[in-house]
Amino acid sequence: MLSKREAMQKPECHGDAQLRNRVTGNCDQRTSSSAQIKHGTTVQRSKSSSSTSSPESTRKVHPRPSDKLNPKTINPFGEQSRAPSAFAAIYSKGGIPCRLVHGSVKHRLQWESPPENLPFDPLLITLAEGLRETKHPYTFVSKEGFRELLLVQGAPEKAVPLLPRLIPVLKAALVHSDDEVFERGLNALVQLSVVVGPSLNDHLKHLLTSLSKRLRDRRFKEPVTSALQKLELHGGSGSLLIIKSKIPTYCSICC
């Protein structure tokens, strides 16, 4: 028989044991969960480290010289992969017999030989194609070279036979989205009309559609109108009929 005091203490011990078990169990669970988290973090870091140090990723950070020769590593839309234009390629190879001379006030062209001794075919057409360039020095070389070549003695006889090939090239400049390209094409057309005169009338209708569209833009209304008047002046009465057929609102210089 247990004494009364011992009987009272025994249930208390049993309750304390249960409480300790629950506390210990919770601690074990927390310890286990913490260990699992640490283990998962360690594994994740290990995977990340291994992927970072993989040969493939190393090549991306430090590309090999041979990657430049691999078409898969070349951005087809990158600036370095764009081939130069036909005019730029010809100019860089010395196909244009003149060079740009930078002056303190303005630039000028230095011809390798007198322009009057140069064949217009294909030089004049090549310079006309360069009017569509948008980068220096090609923009200056093409427009100034075209102008100076048309100023030489005997230019009309050399330029008229080239009109069927020149007109499509000038049209490409007149329909270009770049405003400066359009202006260069417009100036070149006027310069050509001064030289070839009425011979341009047979080809004029192919150029008037683009000029008519630019007339709707207030920025170009004045220069286009001035160009049309010069085309009429050098083309004679026949040019007026052609211009009016395509641009009915045009007012003749004779008005």
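Helices α4 and α5 are oblique to each other, with axes that come within 8 Å and cross at roughly 140°. The model you are looking at is predicted, and this briefing walks through two of its helix pairs and some of its salt bridges. The salt bridges come to 5 in total, and D179 takes part in a network of them with R214, D217 and R219.

**How α4 meets α5**

- Helix α5 covers residues 138-149, while helix α4 covers residues 120-129.
- The crossing of this pair is left-handed.
- On the α4 side, the residues that meet α5 are F120, L123, L124, L127 and A128.
- Their counterparts in α5 are V141, S142, G145, F146 and L149.
- The angle of roughly 140° makes the pair oblique, because only angles over 145 degrees count as roughly antiparallel.

**A link from α4 to α7**

- D121 and R165 join their side chains in a salt bridge, with 3.0 Å from N to O.
- D121 sits in α4 and R165 in helix α7 (residues 163-174), so this salt bridge ties together parts that are 44 residues apart in sequence.
- D121 is partly exposed, at a relative accessible area of 40%.
- R165 is also partly exposed, with 42% relative accessibility.

**The network around D179**

- Which residues are joined into one network by salt bridges that share partners? They are D179, R214, D217 and R219.
- One of the bridges pairs the side chain of R214 with that of D179, at 3.1 Å from N to O.
- R214 belongs to helix α9 (residues 201-215) and D179 to helix α8 (residues 179-196), so the bridge connects parts that are 35 residues apart in sequence.
- Another bridge brings the side chains of R219 and D179 together, at 3.0 Å from N to O.
- Here R219 lies in helix α10 (residues 218-235) and D179 in α8, so parts that are 40 residues apart in sequence are tied together.
- Is R214 buried or exposed? At 13% relative accessibility, R214 counts as buried, because the limit for buried is under 20%.
- D179 counts as partly exposed, at 25% relative accessibility.
- R219, in turn, counts as exposed, at 55% relative accessibility.

**A closer look at R214**

- The side chain of R214, a residue of α9, also makes a polar contact with the side chain of D179, at 3.1 Å.
- Leaving aside neighbours within four places in sequence, R214 is in contact with L174, H176, S177, D178 and D179, among others.
- The same set of contacts of R214 also includes F182, F220, K221 and V224.

**How α8 packs with α10**

- What angle do the axes of α8 and α10 make where they cross? They cross at roughly 15° and come within 9 Å.
- The two helices are therefore roughly parallel to each other, because angles under 35 degrees count as such.
- The crossing of α8 and α10 is left-handed.
- From α8, the residues that meet α10 are D179, F182, E183, L186, L189, V190, S193 and V194.
- From α10, the residues on the other side are R219, F220, P223, V224, A227, K230, L231 and H234.
- D179 and R219 both appear in these lists, and their side chains form the salt bridge described above.
- F182 of α8, as well as F220 and V224 of α10, belong to this helix pairing and are also among the contacts of R214.

Note on methods
Residues are numbered from 1 along each chain as its sequence is written. This is a predicted model: local features need pLDDT of at least 70, side-chain atom pairs count only at pLDDT 80 or more; totals for chains, interfaces and linings use all residues. Side-chain values use heavy atoms; hydrogens and water are left out. A salt bridge is a side-chain nitrogen of Lys or Arg within 4 Å of a carboxyl oxygen of Asp or Glu. Helices (H or I, at least four residues) and strands (E, at least two) are DSSP runs, numbered from the N terminus. Buried means under 20% relative accessible area, exposed over 50%, partly exposed in between (1.4 Å probe, protein chains only). A polar contact is a pair of N or O atoms within 3.5 Å; within protein, one must be able to donate a hydrogen and the other to accept it, and residues adjacent in sequence count only if both atoms are side-chain atoms. Contact means heavy atoms within 4.5 Å. Axes are lines fitted to C-alpha atoms, for helices over the stretch in contact, and angles run from 0 to 180 degrees between N-to-C directions. Angles under 35 degrees count as roughly parallel, over 145 as roughly antiparallel, 65 to 115 as roughly perpendicular and the rest as oblique. A crossing is left-handed if the near helix is turned anticlockwise from the far one by less than a right angle, and right-handed if clockwise.
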